[in-house]
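Got your viewer open? Let's take a walk through this protein, one selection at a time.

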Amino acid sequence: MITGLARSRFVALAMAATLSITGAMTVAPTEAAAAAGVEDEGADCAVPGLPDAGSLPTVSRLPDPFTKLTGTRIATRADWRCRRQEIKKLAEKFVYGEKPPKPSSVTGTVSRTGITVNVSHNGRTSGFSAGVDLPSGTGPFPAVVVLGGLGADTATIKAAGAAVISYDPLAVGREGTPRTSKQGAFYSIYGASSSTGVLAAWAWGVSRIIDVIEQSGGSILRADATGVTGCSRYGKGAFVVGAFDQRIALTMPIEPGSGGVAAFRSIPGESGAQPLSSAYSEQPWLGDAFGSFTGSPGRLPVDTHSVVGMIAPRGLFIMDNPHIDWLAARSASVGALGGAEVYKALGAGGNITYWSAVQDGTHCATRSEWRTPLQQNIQRFLLNTGSYTGSMRIASNKSGNLAEWRDWTTPALTDGGGDTTAPSTPGTPAASAITATGATLSWAASTDQGGSGLAGYDVHHEQGTTDPRLGQSTTNSITLTGLTPNTQYQLYVRARDGAGNLSANSPLVTFTTAPTGGDTSPPTAPTGLTASATTSTGTTLTWTPSTDDTGVTGYDILRAPGTTGGTFAQVATSTTTSYTDTGLTPSTTYRYQVRARDAAGNPSPVSGTAQITTQPGTSTGTCTATGTVQTQWSTGYVIQPLTITNTGTSAISGWTVTFTLPAGHTLSGSWNGAVTSSGQTVTIRNVAHNGTIAAGAGNSSAGFQVTRPNGDTALPSGYTCA
């Protein structure tokens, strides 16, 4: 149970920051700031009307994160809660698109090997799953959600004592889709034409995973100790996950590039950095509204330094690569340095690290320089042990100068006028209007004891080691939704004043939600699952219907990659006994399972497995390939982009590029392509999201990295496309 001030959002003040003569900024240690018990602490803040895009002035420097929309500057740490909410709303409107709050129903399971998530909202359903890899020990364990599996040092994460949650973000927000026809579990709920970009969709998916962990009781994973990491596009995603869910205790983006930590205003002036127009058009990562700012980022009322500030005072470890210009490391240092000012103002300067001073230039490499600070960050922010202090270790060739980008100063935020007196304890809550998924609570109001004013109430679910917050209210009543049917709840209420002081816990109220129609019997498992009419990009599944005492309402379609291993993730639903899956990769093996659901939401056991291998991709036109040297150094280089252009008169649905590496050169990395090598001959085939190219159009999403003998300046040759 949460007691006293054990989970006060802000901790002891840090001493002033110092700057070492080596150029690595270090700060005096602060206590680790606990993650919030709720996804969005500022949900109850009244945010003034946001400006319209057409009325925004051009401001060349980074906007002041401490000035409210009303034009006044915040003065206390308590003020930051609602100022952060203003930044969140600005970032949603102009950069990422809206990340909706928790849907009306989130259910699922947590086991020692996996997590399932099922979501229902406004009559629509979707779901997905994630793998779990536990460290040694008995648990319950903290966990790090790894987006996409690329570049994360999972061995070090486990060695530090944290579990690894393997999350496939593409199951929630698929890449390679038009902005008017987005796909994945998020868009199944909120619509294919949603203006929300896939980074915010991926963040929504991680929040739903945490919802399920909170509901699981905490015997395997701790809901109050979750981190997130990922590299490249998944580094962008990890950054947004941490910014938009305050239950994330430690955010660790790796080489996120443009669209990640890099300050939008700085990118146009950084030589070789991926342009904002490219980051916007390469994939629907950013929200649709951002398209009008790619040529004029100075009009944005928010920049990435303020998004960094949204994570404060929680743990933040940004890992960057100064060797590949495309990754915009100089602009990222500007974003990190600007955001660090928010950490300092909150007395948490030691909770942020930015580290780009690394030797290995390979994209998404596991680097020895990061191993120890990675362990120390996990120990401090997820295990609450150790005394690691963050620092700014910025590569000299990619060092931004914050003084050139701001005309504001960092305020000395106070504790809120000296009010340290908590409100009185709320009265015993009474529960009414109890349904299968909701209830209304009311209680005798608290009174403010210290003069800063009563700000509201937090409602918590007592679960032992972790008491998740189920909601907030500015009055002495609340209607809760999204509860689990036929489940006993023990809830208590805490009052909160304007200075952030929390009252003692109210007495508990205990109630049990109603069963859903009394039906707890699942349908039978579907049988006879078969696949037919398999093409290079699709297949049709059919099965024998399940039976149920109250009737089957639909089926979940689950898919896993390869012949073995891989996690089955829900990719679609069907109300019939067939489904056609599209957008698959040519010459690729997939496995499928199906499960039924009844009207009460009971899932059946899964069916048997059907395995297919898609046909080779076929071209209905002709194409050319051009490799552009994005950056190079004495022992290697990056080809980015590898541009495939359809020179025919009709669309192509797949492409294959072949080229020759010079003698002694070896491929050391690639992205957005399926690669095979034979000697010095390299073949790159499209993946699911970039195979289709319209007549006369091009695709520039693929690229690769090569290691070469020191001083050898030769480059690949003989590019062909078919």
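Select Lys236 and Trp285 to begin: Lys236 lies over the face of Trp285, at 5.0 Å from the ring centre. A charge counts as sitting over a ring if NZ of Lys or CZ of Arg is within 6 Å of the ring centre and within 35 degrees of the ring normal. Now pick Arg393 and Trp355, where Arg393 lies over the ring face at 4.7 Å from the centre.

Before you go on, a word on what you're looking at. This is a predicted model, in which local features need pLDDT of at least 70 and side-chain atom pairs count only at pLDDT 80 or more, while totals for chains, interfaces and linings use all residues. Residues are numbered from 1 along each chain as its sequence is written, and side-chain values use heavy atoms, with hydrogens and water left out.

**Stop: the aromatic rings**

How many aromatic pairs does the structure hold? There are 17. Rings of Phe, Tyr and Trp (for Trp, its six-membered ring) pair if their centres lie within 6.5 Å; planes under 30 degrees apart count as stacked, over 60 as edge-to-face and the rest as tilted.

Select Phe264 and Phe290 for a tilted pair, 5.1 Å centre to centre with 50 degrees between the planes. This pair links distant parts of the chain, 26 residues apart: Phe264 sits in the loop between β9 (248-254) and α6 (276-282), and Phe290 in the loop between α6 and α7 (304-311). Those labels come from DSSP runs, numbered from the N terminus: helices are H or I with at least four residues, strands are E with at least two.

Are these two rings buried or exposed? Phe264 counts as buried at 1% relative accessibility, and Phe290 is buried too, at 0%. Here buried means under 20% relative accessible area, exposed means over 50%, and partly exposed is in between (1.4 Å probe, protein chains only).

Next, go to Phe659 and Phe704, which form a stacked pair: 4.8 Å centre to centre, 15 degrees between the planes. Phe659 belongs to strand β29 (residues 656-660) and Phe704 to strand β33 (residues 698-707), so you're seeing a link between distant parts of the chain, 45 residues apart. Phe659 and Phe704 are both buried.

For a group of rings, select Phe186, Tyr187, Tyr190 and Trp204 together; they form one aromatic cluster.

**Stop: the disulfides**

A disulfide is a covalent bond between the sulfur atoms of two cysteines. In this model, a pair of cysteine sulfur atoms within 2.5 Å counts as one, and the structure holds three.

Show Cys45 and Cys82, whose sulfur atoms are 2.1 Å apart. The link of Cys45 and Cys82 is left-handed, with -80 degrees about the S-S bond. Cys45 lies in the loop between β2 (25-26) and α1 (77-96) and Cys82 in helix α1, so this disulfide ties together parts that are 37 residues apart in sequence. Turn on the surface here: Cys45 is buried at 11% relative accessible area, whereas Cys82 is partly exposed at 30%.

Move on to Cys231 and Cys364, with sulfur atoms 2.0 Å apart. This link is left-handed as well, at -95 degrees about the S-S bond. Because Cys231 lies in strand β8 (residues 221-231) and Cys364 in the loop between β11 (352-355) and α9 (368-381), the bond ties together parts that are 133 residues apart in sequence. Both Cys231 and Cys364 are buried.

Then pick Cys623 and Cys721, joined S to S at 2.0 Å. Their link is left-handed, with -95 degrees about the S-S bond. Cys623 is in strand β27 (residues 623-633) and Cys721 in strand β34 (residues 717-721), 98 residues apart. Cys623 is buried at 9%, and Cys721 is buried at 15%.

What is the pairing if you number the bonded cysteines in sequence order? It runs 1-2, 3-4, 5-6.

**Last stop: Ser506**

Select Ser506, in the loop between β18 (488-497) and β19 (509-512). Ser506 counts as buried at 5% relative accessibility.

Who's around it? Leaving aside neighbours within four places in sequence, Ser506 is in contact (heavy atoms within 4.5 Å) with Thr425, Pro426, Gly427, Pro429, Tyr492 and Val493. Zoom in on Val493: the side chain of Ser506 reaches the backbone nitrogen of Val493 at 2.9 Å.

To finish, zoom out and draw a distance from Ser506 to Thr658: their C-alpha atoms are separated by 69 Å, and the residues are 152 apart along the chain.

Terms used
A polar contact is a pair of N or O atoms within 3.5 Å; within protein, one must be able to donate a hydrogen and the other to accept it, and residues adjacent in sequence count only if both atoms are side-chain atoms.
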